[in-house]
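Hi everyone, thanks for coming. I'd like to walk you through one model today, starting from the inside and working outwards.

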Amino acid sequence: MPTISVQECIGKGYNNGWFTNCKARYRIFEGARSTKKSVNIGGYEPVFKILADKRRNIIMCRKDDTNNSTSTYPNICATIIHLGLQDYFIIRRAPQEIVYKPTGQKIIFKGCNNPTAITSTKFATGELTDIYFEEASELESYEDFRKIDGSVRNSKGEGLQITMLMNGWDKKSWIYDVFWKDRLEDDYNYLETHDYADYYDPEFTLGQDSKGLYLHKSTFRINEFRSPYKDESMAQLREKALEIYKVEGLGMWGNNSQATYPYWNTQLIIPHFKILAEPLACYTIGIDIGMGNGEGKPIKNDKDHPDRVRSAMTMQLVGISNDYKKIKCIDEYFFSNENLVVKKGAPEIAGEMISKIMSWIDLYKDNPILMKGVIVCYVDSADSGGFRTLLQSKALEKGLMNIRFIPSTKNKIQSRVDFVNLLMAFGEFEISDRCKNLAREIGNARQAEDGRCREDVDDHAINANEYAWIPLLPKIRRYKDFKEH
């Protein structure tokens, strides 16, 4: 077996929490983006644990098996190859597992969506000693965690570890309440001048047969392999979007503001003629469906937000600037049956939407990009296909042939919100003064009582807007360095 230097592999900043130095049952590595957590603790360490102790077997966990296939599994495989140890391991694809040839020890991969499958796992050689949760914030239930936690036990209560790797996007997480609160709280001044902060309590217990808690918070500076561009971009982010910098650069806990879009300001509302003055690279249309009158969706309007709407049919025309830096919200259609005695039905609304699209074709006929070529509309994927079919039928009735209606792309709401906030901070999300409902909804948007970043009410224009630009994300410059949450 080749001689391997652990220190050369992991670099600086992780020695205190490394398994040979830290025997705590619970270890949580939380921090900024690109801080070597996944490479060091989620990659090198599991392999070194197998090599160091023939008793150990390891489960790597993500939200579901699909997540493992694109993260933890290839990460471990790449680590083994990088260390030159591929002759000592059997790497299996179905089921995904890695077997250490000399002893039969295993590293296997499971989804947290089925805790019972984890707790019932048995090993022919040794025992289950380690569970790693990559992107631990995906583990939504403390109760599920406790079930999994209870499966890691042995007669001696020694050498057992639960390890979590995560970014602190949401301070309302149960992980913060259970492990971090009043122990290792955020200190901006300290984190601005240090690579990391850590904490150790050898007596911490959740009632299992081993104890100890180690917390590690990393900043972007911990990664000595970072490019010079990283420091430049972090300095720019600190100047333009301090709250985002605290989370993405320093690893501080996020989601502290009640406003969903804290970087929203009226300077992002641009006169319509001015928003069209800048050349466009491309455009799309997004459509959100809300046929009801809002019944069943409780909403509390107040003097500061008297105009929130429970349910609406909405359409947003969105473009990307020619330099691929800006999302430009150009025009909208918005209709709600709320408070109307005579409600409009789906055929009438579909007809109105097609008429609006045809009016846009005429309105923007002098624009070289807008409403030219095949008109692509992304329709709320919650629609089973009925409304898309209706739209296509109405388009054909009116002689509009160059239009396609496609189901919207799935994407986490938290990721949508985070990306728009980033663009807002840099002035790269512009809204035409014709998009009054979009501007109203963004200004009204608040976190839900359960901690979700946006309430599921009065978000109809926002959803349509997101459906339009989500398929264009790979083209947008700032998205290349953006990590979805």
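Let's begin at Phe179. Which residues does Phe179 touch, if we skip those up to four places away in sequence? There are aromatic names among them, including Tyr26, Phe145, Trp174 and Phe204, and the list also holds Ile28, Met164, Leu206, Leu213 and Leu215. Please keep in mind that this is a predicted model.

Phe179 belongs to the largest nonpolar core, a group of 76 residues. Together with Ile131, Phe133, Phe145, Ile327 and Phe429, Phe179 touches the most other members of that core. And which helix gives this core its largest share? That is α14, residues 413–425, with seven residues. There is also a second core, separate from this one, with 30 residues; Tyr44, Phe48, Leu83 and Leu85 are among them.

Now for a helix I enjoyed looking at: α16, which runs over residues 460–469. Ten of its ten residues are buried, so the rest of the structure largely encloses this helix. The buried set isn't purely hydrocarbon side chains, as you can see from the names: His460, Asn463, Asn465 and Glu466 are included, along with Ala461, Ile462, Ala464, Tyr467, Ala468 and Trp469.

Let's move to a loop. Glu278 sits between α11 (272–275) and β11 (280–288). Is Glu278 buried, exposed or partly exposed? Its relative accessibility is 22%, and because buried means under 20%, Glu278 counts as partly exposed. Beyond its neighbours within four places in sequence, Glu278 is in contact with Ser321, Asp323, Lys326 and Lys328. Take Ser321: 43 residues separate it from Glu278 in sequence, yet C-alpha to C-alpha they are 7.0 Å apart.

That brings me to the chain as a whole. Among contacts with a separation of 6 or more, 74% link residues 24 or more positions apart. The fold comprises 16 helices and 16 strands. The radius of gyration is 26 Å, close to the 23 Å that the globule rule gives for 485 residues, so the chain is as compact as a globular protein of that length. Along the principal axes, the C-alpha atoms fill a box of roughly 75 × 45 × 45 Å.

Last, burial, surface and charge. Of the 485 residues, 54% count as buried. The accessible surface is about 21,300 Å², with 50% of it belonging to carbon and sulfur atoms. As for charges, there are 67 positive and 67 negative, and their mean positions lie 3 Å apart.

That's my tour, and I'm happy to take questions.

Methods: Residues numbered from 1 in each chain as written. Predicted model: local features only at pLDDT ≥ 70, side-chain atom pairs only at ≥ 80, totals over all residues. Heavy atoms only, no water. Core = buried A, V, L, I, M, F, W, Y, C linked by side-chain atoms within 4.5 Å. Buried < 20%, exposed > 50% of the residue type's maximum accessible area, 1.4 Å probe, protein only. Helix = DSSP H or I, 4+ residues; strand = E, 2+ residues; numbered from the N terminus. Contact = heavy atoms within 4.5 Å. Rg over C-alpha atoms; globule rule 2.2 N^0.38 Å. Areas by Shrake-Rupley, 256 points an atom, 1.4 Å probe, with all protein chains shown as cover. Lys, Arg positive; Asp, Glu negative; His and termini not counted. Charge placed at Lys NZ, Arg CZ, Asp CG, Glu CD.
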